[in-house]
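Q: I would like to learn how to read pockets and aromatic contacts in a model. Can we go through them one at a time?

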Amino acid sequence: MQDADVHSLRTVADYQFGAGAGAALFPPEERFEVQRSTTGRPQQVARDDGARLVSVGMDGRFTLGAAGGRRLVDDLAHPAARVVVGDDSEPFVREGKNVFAKFVQTVDPDVRAGDEVAVVHERGALLAVGRAELDAGSMLDFDTGMAVMVRDSVEK
């Protein structure tokens, strides 16, 4: 991948997930596999071992893969880009089930509906990645409703 491409990917990651996300997802010392459309637009970015970090939507925003979610959780300060759940919902989220608002313990206050988030256990383990269906305040206020639509879960 060309340096200009990596720089663009890092810029989008920093915009979408916050400062430092670009370096977390795409470290300078690592090589990446980029799958492109017929027009040359990046569609998928994976590690050398094939684990998907992100998909690139038509709008230019990223959709997280489990490997990308893990990197964000490991490198960004808590609670950036994450939704935290407890023991009650951990086994369900690991199975790929959605996160409901009544089980959300804490959430990044900057999360808006439609944002990509990592779902983590209260002890810090990544459980899944997905799309926020509610904003941060609503996730904490509501007792019903889906908070995160899980796309990719992580087994123990």
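A: Begin with the residue classes: Ala, Val, Leu, Ile, Met, Phe, Trp, Tyr, Cys and Pro count as nonpolar, Asp, Glu, Lys and Arg as charged, and the others, Gly among them, as polar. Keep in mind that this is a predicted model.

Q: How many residues of each class are in the lining of the largest pocket?
A: The lining has six charged, five nonpolar and two polar residues.

Q: What volume does the largest pocket have, and which residues lie nearest its centre?
A: Rolling a probe the size of a water molecule over the atoms shows where empty space is left. Here the largest pocket has a volume of about 190 Å³. Its lining holds 13 residues, and those nearest the centre are Gln16, Phe17, Asp108, Asp110 and Asp115. Helix H1 (3–17) and strand S8 (116–121) are the elements that give two or more residues to this lining. H1 gives the most, with three residues.

Q: How many aromatic pairs does the structure hold?
A: Ring planes over 60 degrees apart count as edge-to-face. The structure holds two aromatic pairs. Phe26 and Phe32 are edge-to-face, at 5.5 Å centre to centre with 85° between the planes. Phe26 and Phe62 are also edge-to-face, at 6.0 Å and 70°.

Q: Which parts does the pair of Phe26 and Phe62 tie together?
A: Phe26 lies in the loop between helix H2 (21–25) and strand S1 (32–36), and Phe62 lies in strand S4 (residues 62–64), so the pair ties together parts 36 residues apart in sequence.

Q: Are these rings buried or exposed?
A: Phe26 and Phe32 are buried, and Phe62 is buried too. Phe26, Phe32 and Phe62 form one aromatic cluster.

Notes:
Residues are numbered from 1 along each chain as its sequence is written. This is a predicted model: local features need pLDDT of at least 70, side-chain atom pairs count only at pLDDT 80 or more; totals for chains, interfaces and linings use all residues. Side-chain values use heavy atoms; hydrogens and water are left out. On a 1 Å grid over the protein atoms alone, a cavity is a set of points where a 1.4 Å probe fits but cannot get out, and a pocket is an open set with protein on both sides within 12 Å along at least five of seven lines; lining residues have an atom within 4 Å of a point. Grid points are joined across faces, edges and corners, and a volume is the space filled by probe spheres set on the points. Helices (H or I, at least four residues) and strands (E, at least two) are DSSP runs, numbered from the N terminus. Rings of Phe, Tyr and Trp (its six-membered ring) pair if their centres lie within 6.5 Å; planes under 30 degrees apart count as stacked, over 60 as edge-to-face and the rest as tilted. Buried means under 20% relative accessible area, exposed over 50%, partly exposed in between (1.4 Å probe, protein chains only).
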